[in-house]
Amino acid sequence: MQKTSARLLSLLSLLQARRDWPGAVLAERLDVSARTLRRDVDRLRELGYPVRAVKGPDGGYRLDAGTRLPPLLFDDEQAVALAVALRTAAATGAGIEDGAERALTTLRQLMPARLRHRIDALEVTSVARSAPRPQPQADTGVLMALSAAVQARKVLRFDHAPARAAATAAGEAPPPRRVEPHHLVARGGRWYLVAWDLDREDWRVFRADRITPRTPTGPRFTPRDLPGGDVAAFLTGRFRGSDGSGDWPCRGTAVLGLPASAVSPHAADGTVEELGPDRCRLTMGAWSWPSLAAAFCLYDADIEVVGPPALEEAFAGLADRCAGAVAKRPRRR
């Protein structure tokens, strides 16, 4: 059996991780008797932690939140995980770098020496994905408002700033959008709202840094089923130009005159099959057939198209355009 102090820390960690704990399950997790569990709960109450007994067939305990709740305690694994999360906050695109740095400083001061040494030894440099220009970050207040609407299942009204070119062409701001918010998603350093657009009667993905929520929110709604059921696959599919699945809308196969070892490091999500010392079969996808044909041409090798026919047609069209570009070039003397 653990020492009392270590057992109290384990008990508090379990109570913080789950709302309700049946007494028998909690005692089994701690490897103690029901009597010892009751004594440990009484010790936590003496320290100021509001542990409430839950009535029912099984009986159990719940850690209530409140203004008098003493500082939270973390076990070693939780403390290290929290520190890593705070150090990588710069890559989230939520604009919380300063707050995360202050929180990490506070957390480090409260850590015992053994954990401070582990955290100090973990050097993490958070680098956002490179882009032609700095990506705008989402306002934390907007993220909180969007998350609250998702949790409450309430219709959301907001202004969504269009791309700069579209705004200039229109000459005026578009009307506010009315949506049923379903998911707030972080992807590639940006935040997106996945929602059902009530006016367009279709699923839409909105960039959170372009959203300005309006108040008040609308009525509650019954959540719809997201196509495919998986928000990650749905969002990936939308960015790839497909609906439903997360796969590319266009996928084809070609044989390259290169060894598989030379192609695999650059194939991303493609599939490479070795055919010999200097040949391999590559299957990959893209958002259009011309872009897929161009992707195969990135490899400096002979190409043999396997299929489908749409890929062959895309190669033919690409060849014509390339030949036309060379024909229009002035001859050098």
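I take a residue as buried when its relative accessible area is under 20%. The model I consulted is predicted.

**Entry 1: histidine 160.** I looked up the accessibility of histidine 160 and found a relative accessible area of 17%. The value is under 20%, and therefore I record histidine 160 as buried. I placed this residue in strand β4, which spans residues 156-160. I then listed its contacts, setting aside neighbours within four places in sequence. Histidine 160 touches Pro174, Arg177, Phe206, Arg207, Arg210 and Ile211.

**Entry 2: the sheet.** Which strands form the sheet, and in what order? I traced five strands in an open sheet, ordered β7-β6-β5-β4-β8, with antiparallel pairing. At the edges I noted β7 (202-207) and β8 (211-214), each of which pairs on one side only. Direction ignored, I read an average turn of 40° between neighbouring strands of this sheet.

**Entry 3: β6 and β7.** How many bridges join strand β6 to β7? I counted six between β6 (residues 190-197) and β7, and the two run antiparallel. Within β7, I found valine 205 opposite valine 194.

**Entry 4: helices on the sheet.** I next examined helix α9, residues 231-239, which packs on the sheet and touches β5, β6 and β7. The direction of helix α9 makes about 80° with that of β7. I also followed helix α7, residues 140-152, across β4, β5 (177-187), β6 and β8. Helix α7 runs at about 115° to β5.

Conventions. Residues are numbered from 1 along each chain as its sequence is written. This is a predicted model: local features need pLDDT of at least 70, side-chain atom pairs count only at pLDDT 80 or more; totals for chains, interfaces and linings use all residues. Side-chain values use heavy atoms; hydrogens and water are left out. Helices (H or I, at least four residues) and strands (E, at least two) are DSSP runs, numbered from the N terminus. Buried means under 20% relative accessible area, exposed over 50%, partly exposed in between (1.4 Å probe, protein chains only). Contact means heavy atoms within 4.5 Å. Two strands pair if DSSP finds at least two bridges between them. Axes are lines fitted to C-alpha atoms, for helices over the stretch in contact, and angles run from 0 to 180 degrees between N-to-C directions.
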